[in-house]
Amino acid sequence: MKNGETVENLLFLTEKLKKDLESGAKIPVSDYSIGQACIYLYDETGNDDYRKLADSLHERLIGFLDTDESSISLSGIKDMCFYMPFYTDYETRWNKKNGYNDICDRFRSAFELIRDDDLNGAYCSEIITNKIFFLKTVVESLCYMSIQIYEDYRLLEDILRQGIRELFFDLRSIEKICGLEDDVKMCACYVLLMGIKEGHIDAEKYEGLAIRLLNIDADEDLDTTFRDHIDEDLKTNIEMDADLKEDIDSELKKISLMKMRSFLIKEFINDDSIGIKPSESPCSPNVRKLMIDAYIMM
């Protein structure tokens with residue numbers, strides 16, 4: 001709970017979620033990721049209100065998963081990153097792993113979809129971006145999958161390893177990744193560093209590429225308190241001036257990227273030499289906080 005900004009963001013997210021659930025409002029797919037915030041705050045504070053909020057969100061998620069809206073499709077691959085880590089974490093902790101078959105089926109179906117023969121050799125930005133976000137979902141969910149259910153754990157690990165190998169093996173794909181938007185490159189870097197940290201992929205083979213992806217073109221001296229300098233008058237003007245709003249959003253995105261870059265370096269890379277730090281235990285609060293920080297800053 002040392003990071004005041006992160007905690008403030010988490011409290012804001014959970015309070016908004018609580019009101020939406022109580023009102024019966026439809027939950028956007030992105031809000032299912034707030035379940036990770038509920039679990040993190042429950043671990044840190046012991047407050048049962050966060051456990052109850054996680055219970056309510058899980059119940060709503062199960063209803064969502066029974067609808068056609070959650071069916072696996074290319075357009076829905078990115079959405080999986082919002083709900084699958086929470087789904088896996090909750091099932092492992094509090095639902096006796098009853099949802100593991102469904103979790104594995106969803107990952108298996110999604111992996112088959114992004115590896116479809118029609119996509120083989122295709123290196124367009126949209127397809128590569130979908131693959132990167134899918135692998136992000138797998139590596140985060142693996143942190144919460146119990147290794148005691150070894151067949152299910154191994155399935156996700158095999159998907160991650162094969163997906164990374166196929167995505168980063170071909171130089172055409174690597175060059176395409178390096179030419180993507182910086183936030184997608186940061187996501188790819190995150191996948192590699194987390195995979196290395198958790199022991200799923202070989203550091204010697206992938207560390208260099210992860211470091212290369214960290215070298216985004218951004219101003220190291222960027223004012224990270226820029227958001228605090230936007231006073232009420234300026235906020236009002238932004239609503240009326242589309243060009244000004246676009247400039248502000250651009251600056252805030254740069255700040256977010258720099259924060260994400262600094263976070264990755266701090267969390268994964270030793271200060272005195274390039275090297276991956278030893279792994280935390282897969283379901284530790286520190287790993288969960290890492291996921292939350294990444295979600296907020298992405």
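This section describes the fold, two helices, an aromatic cluster and three individual residues of a predicted model.

The protein contains 13 helices and zero strands, so that its pattern along the sequence is a run of α elements from beginning to end, α-α-α-α-α-α-α-α-α-α-α-α-α. Of its 298 residues, 46% are buried. Among contacts with a separation of 6 or more, 75% are between residues 24 or more positions apart. The mean pLDDT is 80, and 73% of the residues reach 70 or more. Confidence is not uniform: over residues 218-234 the pLDDT stays under 50, and for this segment the model has 21 contacts beyond four places in sequence. Where pLDDT is low, predicted coordinates should not be read in detail.

Helix α2 covers residues 34-45. Its twelve residues should span 16 Å at 1.5 Å a residue, and the end C-alpha atoms are indeed 16 Å apart, in agreement with that expectation. The buried residues of α2 are Ile 34, Gly 35, Gln 36, Ala 37, Cys 38, Ile 39, Tyr 40 and Leu 41. The helix is followed by Gly 46, which has a positive phi near 75°.

Tyr 32 precedes this helix, in the loop between α1 (4-23) and α2. With a relative accessible area of 3%, Tyr 32 is buried, because the limit for that class is 20%. Beyond its neighbours within four places in sequence, Tyr 32 is in contact with Ile 27, Leu 57, Arg 60, Leu 61, Phe 64, Phe 82, Tyr 83 and Phe 86. For one of these residues, Arg 60, the separation from Tyr 32 is 28 residues in sequence and 9.0 Å in space, C-alpha to C-alpha.

Helix α4 has 15 residues and reaches 21 Å from its first C-alpha to its last, close to the 21 Å expected at 1.5 Å a residue. Twelve of these 15 residues are buried, so the helix is largely enclosed by the rest of the structure. The buried set consists of Met 80, Cys 81, Tyr 83, Met 84, Pro 85, Phe 86, Tyr 87, Thr 88, Asp 89, Tyr 90, Glu 91 and Thr 92. Just after α4, Lys 96 takes a positive phi of about 55°.

With ring centres required to lie within 6.5 Å of each other, the count comes to seven aromatic pairs. One of them joins Tyr 90 and Trp 94, with a centre-to-centre distance of 5.4 Å and an angle of 75° between the planes, an edge-to-face arrangement. This pair is edge-to-face because its angle is over 60 degrees. Both residues belong to helix α4 (residues 80-94), where a spacing of four residues separates them by about one helical turn. An α-helix has 3.6 residues a turn, so residues three or four places apart point the same way. The two partners fall into separate accessibility classes: Tyr 90, at 7% relative accessibility, counts as buried, while Trp 94, at 21%, counts as partly exposed.

The pair is part of a wider arrangement, as ring pairs link Tyr 42, Phe 86, Tyr 90 and Trp 94 into a cluster. Trp 94 also has arginine side chains over its face. Arg 51 lies at 4.0 Å from the ring centre, and Arg 93 lies over the face of Trp 94 at 5.1 Å from the ring centre.

Arg 108 is located in helix α5 (residues 100-114). Its relative accessible area is 34%, which places Arg 108 in the partly exposed class. Not counting residues up to four places away in sequence, Arg 108 touches Leu 155 and Ile 159. Arg 108 and Ile 159 are 51 residues apart in sequence, and their C-alpha atoms are 7.9 Å apart in space.

His 200 lies in the loop between α9 (182-197) and α10 (203-214). Although placed in a loop, His 200 counts as buried, at 4% relative accessibility. The side chain of His 200 makes a polar contact of 2.8 Å with the side chain of Glu 157. Apart from neighbours within four places in sequence, the residues in contact with His 200 are Val 139, Leu 142, Tyr 153, Glu 157, Leu 160, Arg 161 and Gly 195.

Key
Residues are numbered from 1 along each chain as its sequence is written. Side-chain values use heavy atoms; hydrogens and water are left out. Rings of Phe, Tyr and Trp (its six-membered ring) pair if their centres lie within 6.5 Å; planes under 30 degrees apart count as stacked, over 60 as edge-to-face and the rest as tilted. Helices (H or I, at least four residues) and strands (E, at least two) are DSSP runs, numbered from the N terminus. Buried means under 20% relative accessible area, exposed over 50%, partly exposed in between (1.4 Å probe, protein chains only). A charge sits over a ring if NZ of Lys or CZ of Arg is within 6 Å of the ring centre and within 35 degrees of the ring normal. pLDDT is the predictor's confidence in each residue, from 0 to 100. Contact means heavy atoms within 4.5 Å. The expected span of a helix is 1.5 Å times one less than its number of residues. A polar contact is a pair of N or O atoms within 3.5 Å; within protein, one must be able to donate a hydrogen and the other to accept it, and residues adjacent in sequence count only if both atoms are side-chain atoms.
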